[in-house]
Amino acid sequence: MIDHRLHVLQAFAEYGTVTATAAALHLTPSAVSQQLRMLARDLDVELLRPEGRRVRLTPAAHVVLRHADTLRTQWEAAQAELAQQRADLTGTLRLCGVSSALAALAAPAVARLRESHPLTEPLILEEESADCYRLLLADEVDLTLVLPGPSAPPVTDPRFEQTPLLTDRQDLLVPADHALARPAGVHLAEAADQPWIVKKHGNDTYPLTTAACAAAGFTPRIAHQVKEWYAVSALVAEGLGVCLIPRMVPLPRHPIARVPLLGDPAPARRFLTVVRRGSAAHPLVTAGLEAVRTAARTVGEP
């Protein structure tokens, strides 16, 4: 019901270029340019202004964006209020998040939701946190479990409702016979001279690892870049390096040791639930949020 061209303008404000906007929206650059020109024509204002080789938003565009955020929130609230009039809780609830959050939080939440509301149809998508925000704005998901990072929107962003969910401590993963495999724990700085195994750049865990190591006073010497936890565990078991592993991630059956990290503050991931502003009152989203919170209470610290 909200003019799709407003969403294109919002995406341009988010990504900064026509090419990046087109990629995010699965459109061609010419289609993005055309929709923005048509919107400017219908509003009788200039929305984009050339600046060197790029184009910039005009003051008028920022006015339109401010009202577009308000319209989107009001539309979400209207849909929520209408849904509250229905007798039964039905429909598809779309959740997305990183793999560990889906395994530890979304899976039991969906099971609980289907048991309490059998007419619902949950749908789960695995995505990195940055993509979860994008999918929310594109109305492709309804509820996300994200790890806030350097590129995440601030908590004051008017487009989202972001709520702390869970603190997930990180441990050091080492071979079972390693000198640092001490059950009482170690300080992260003790692993400064070790080769490190990290997930690839662009993954949520990479900035968490580098930030934790920086806080401990060193830059990790990255020996291998591996994505899946089972493969990471296998490399650690063979003595090829160490890594940080979230406590909610179960250990594969390799000769490895999960070592608690000492110090204050200890490295941790902090999950948020994020929904579009105004949508939290929708009965389906409300039920999903409650199911996720229930799952989180059995996993870690709220």
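This report walks through the cores, one helix, and the cavities and pockets of a predicted model.

## Two nonpolar cores

Let's start on the inside. The largest nonpolar core is made of 28 residues. Those with the most contacts inside this core are Leu 105, Leu 143, Leu 145, Leu 165, Leu 166, Phe 271 and Val 292. Helices and strands both chip in: helix H5 (99-116), helix H9 (283-297), strand E5 (143-146), strand E6 (160-175) and strand E13 (268-276) each give two or more residues to this core. There's also a second core, separate from that one, with 17 residues, including Leu 9, Val 32, Leu 39 and Ala 68.

Val 292 is a handy residue to zoom in on. Not counting neighbours within four places in sequence, Val 292 is in contact with Leu 95, Ala 109, Leu 143, Leu 145, Leu 165 and Thr 273.

## Helix H2 and its two sides

Helix H2 covers residues 18-25, and its buried residues are Val 18, Thr 21, Ala 22, Ala 24 and Leu 25. Looking down the axis of H2, you'd find these buried residues within an arc of 165°, so they line one face of the helix. Thr 19 and Ala 23 sit on the other side of H2, where they are exposed.

What lies over the buried residues of H2? The cover includes helix H1 (4-15), helix H3 (29-43) and helix H6 (129-137). Just after H2 comes His 26, with a positive phi, near 60°.

## The enclosed cavities

The model has 3 cavities of 30 Å³ or more, and the largest cavity has a volume of about 90 Å³. Its lining is made up of His 7, Gln 10, Ala 11, Glu 14, Tyr 15, Ala 24, Leu 25, Arg 134, Leu 137, Ala 138 and Arg 159. Ala 24 and Leu 25 may ring a bell, as both are among the buried residues of H2. H1, H2 and H6 each supply at least two residues of this lining, and H1 gives the most, with 5 residues. Sorted by class, the lining of the largest cavity has 6 nonpolar, 2 polar and 3 charged residues.

Is Ala 138 buried, partly exposed or exposed? Its relative accessibility is 24%, so Ala 138 counts as partly exposed. You'll find Ala 138 in the loop between H6 and E5. Ala 138 and Ala 11 are 127 residues apart in sequence, while their C-alpha atoms are 8.9 Å apart in space.

## The largest pocket

Now for the open spaces. The largest pocket holds about 600 Å³ of space. It is lined by 31 residues, and the closest to its centre are Arg 72, Glu 76, Gln 79, Asp 139 and Arg 276. H1, H2, helix H4 (59-83) and H9 each give two or more residues to this lining. H4 gives the most, with 5 residues. The class count for the largest pocket is 12 nonpolar, 10 polar and 9 charged residues.

## The second largest pocket

The second largest pocket holds about 470 Å³ of space. Which residues lie nearest its centre? They are Ser 129, Ala 130, Ser 151, Ala 152 and Asp 204, out of 24 lining residues.

H1, H6 and helix H7 (205-215) each supply at least two residues of this lining, and H6 gives the most, with 6 residues. By class, the lining of the second largest pocket has 13 nonpolar, 5 polar and 6 charged residues.

Definitions and conventions. Residues are numbered from 1 along each chain as its sequence is written. This is a predicted model: local features need pLDDT of at least 70, side-chain atom pairs count only at pLDDT 80 or more; totals for chains, interfaces and linings use all residues. Side-chain values use heavy atoms; hydrogens and water are left out. A nonpolar core is a set of buried Ala, Val, Leu, Ile, Met, Phe, Trp, Tyr and Cys residues joined through side-chain atoms within 4.5 Å. Buried means under 20% relative accessible area, exposed over 50%, partly exposed in between (1.4 Å probe, protein chains only). Helices (H or I, at least four residues) and strands (E, at least two) are DSSP runs, numbered from the N terminus. Contact means heavy atoms within 4.5 Å. The arc is that of the directions from the helix axis to the C-beta atoms. On a 1 Å grid over the protein atoms alone, a cavity is a set of points where a 1.4 Å probe fits but cannot get out, and a pocket is an open set with protein on both sides within 12 Å along at least five of seven lines; lining residues have an atom within 4 Å of a point. Grid points are joined across faces, edges and corners, and a volume is the space filled by probe spheres set on the points. Ala, Val, Leu, Ile, Met, Phe, Trp, Tyr, Cys and Pro count as nonpolar, Asp, Glu, Lys and Arg as charged, and the others, Gly among them, as polar.
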